[in-house]
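Here are my notes on the fold, for you to read alongside the coordinates.

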Amino acid sequence: MDNALIEKVLLELGNRINLQSLDKEQMSKIIESAAQKILDKEAVQVNEKENVVEEKREVLSMSAPSAITEFVGTTELGDTIGLVIANVDYFLHEKMGLDKKYRSIGIISARTGAGPHIMAADEAVKATNTEVVTIEMARDTKGGAGHGSLIILAAEDVSDARRAVEVALKELDRTFGDVYGNDAGHIELQYTARASLALEKAFGAPLGKAFGVIVGAPAGIGVVMADTAMKTANVEMVTYASPGAGTAHSNEVIITITGDSGAVRQSVIAAREVGISLLGNMGDEPKSTTQPYI
């Protein structure tokens, strides 16, 4: 037993008992017991410190920033990446048709789930000083029956572009809530009480009015969902898209609707219920990607 440990033991004993009243055998047993308790306590403290260090290493590993300055963030939802370019190249600027007052752009790019990304971008432009430049819905093989997306947001200041991308990435957890799928296909519903610039750019949504997006795949399910939505409440159809018209030849029917906020929401919910039921007849029960919000 080393001297430091003996000193600790004697100090502890001295605080608790009268050492003069004990014989050598009793003293030995007490010292051994006290020493073991101290060793056990120190071992626990070492383990706790090691665990804290390991946890810190794990957090740092997960949140380590990319060395690429254009990188903003990613999410597994839709296999999405958010990027920003602080000062767009002159020739690229010209080809993209950007307004000369905008030198910075934010980029939201995803393999699947165009609707949730457009809805998330709509919230982003509401919260920041940015403009929607383009919204493209790519035919992506990972999307199964649906689309991927490329959304470009422009800003005079790079901080606005970066903030818009951050807002959009955060919003995806909500906007994927009413995307349901199984191996046979998917359905997708979106709703907002106040449409903004991204929805206007993508679908011609009337600014400031309630707006809904209804998607069904395979396309036949989308047709029934569309019919159900239009018959449920007094809403106006803004767009209709099918595999041969208005989509990137995806196996979907997509309608968008507007009207009174209560009516739009009611129609979207009705379409959701029939879509879940029909898709469920083709395979497993369709599950929400995150948590339903409508």
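1. Two strands pair if DSSP finds at least two bridges between them. Helices (H or I, at least four residues) and strands (E, at least two) are DSSP runs, numbered from the N terminus. By that rule, strand 4 and strand 5 (residues 149-155) run antiparallel and are joined by five bridges. Val-132 has Leu-153 in strand 5 as its bridge partner.

2. A word on provenance: this is a predicted model, where local features need pLDDT of at least 70 and side-chain atom pairs count only at pLDDT 80 or more, while totals for chains, interfaces and linings use all residues. Residues are numbered from 1 along each chain as its sequence is written, and side-chain values use heavy atoms, with hydrogens and water left out.

3. Now the whole sheet. It is open, has five strands in the order 1-2-3-5-4, and pairs antiparallel. Strand 1 (71-75) and strand 4 (131-136) are the edges, each with a single partner strand, so one side of each has no neighbour in the sheet.

4. What lies across the sheet? Helix 4 lies across strand 2 (80-85), strand 3 (104-110), strand 4 and strand 5, at about 10° to strand 5. Helix 5 lies across strand 1, strand 2, strand 3 and strand 5, at about 5° to strand 1. Contact here means heavy atoms within 4.5 Å; axes are lines fitted to C-alpha atoms, for helices over the stretch in contact, and angles run from 0 to 180 degrees between N-to-C directions.

5. As for the helix pair, the axes of helix 4 (residues 114-127) and helix 5 (residues 158-175) come within 8 Å and cross at roughly 130°.
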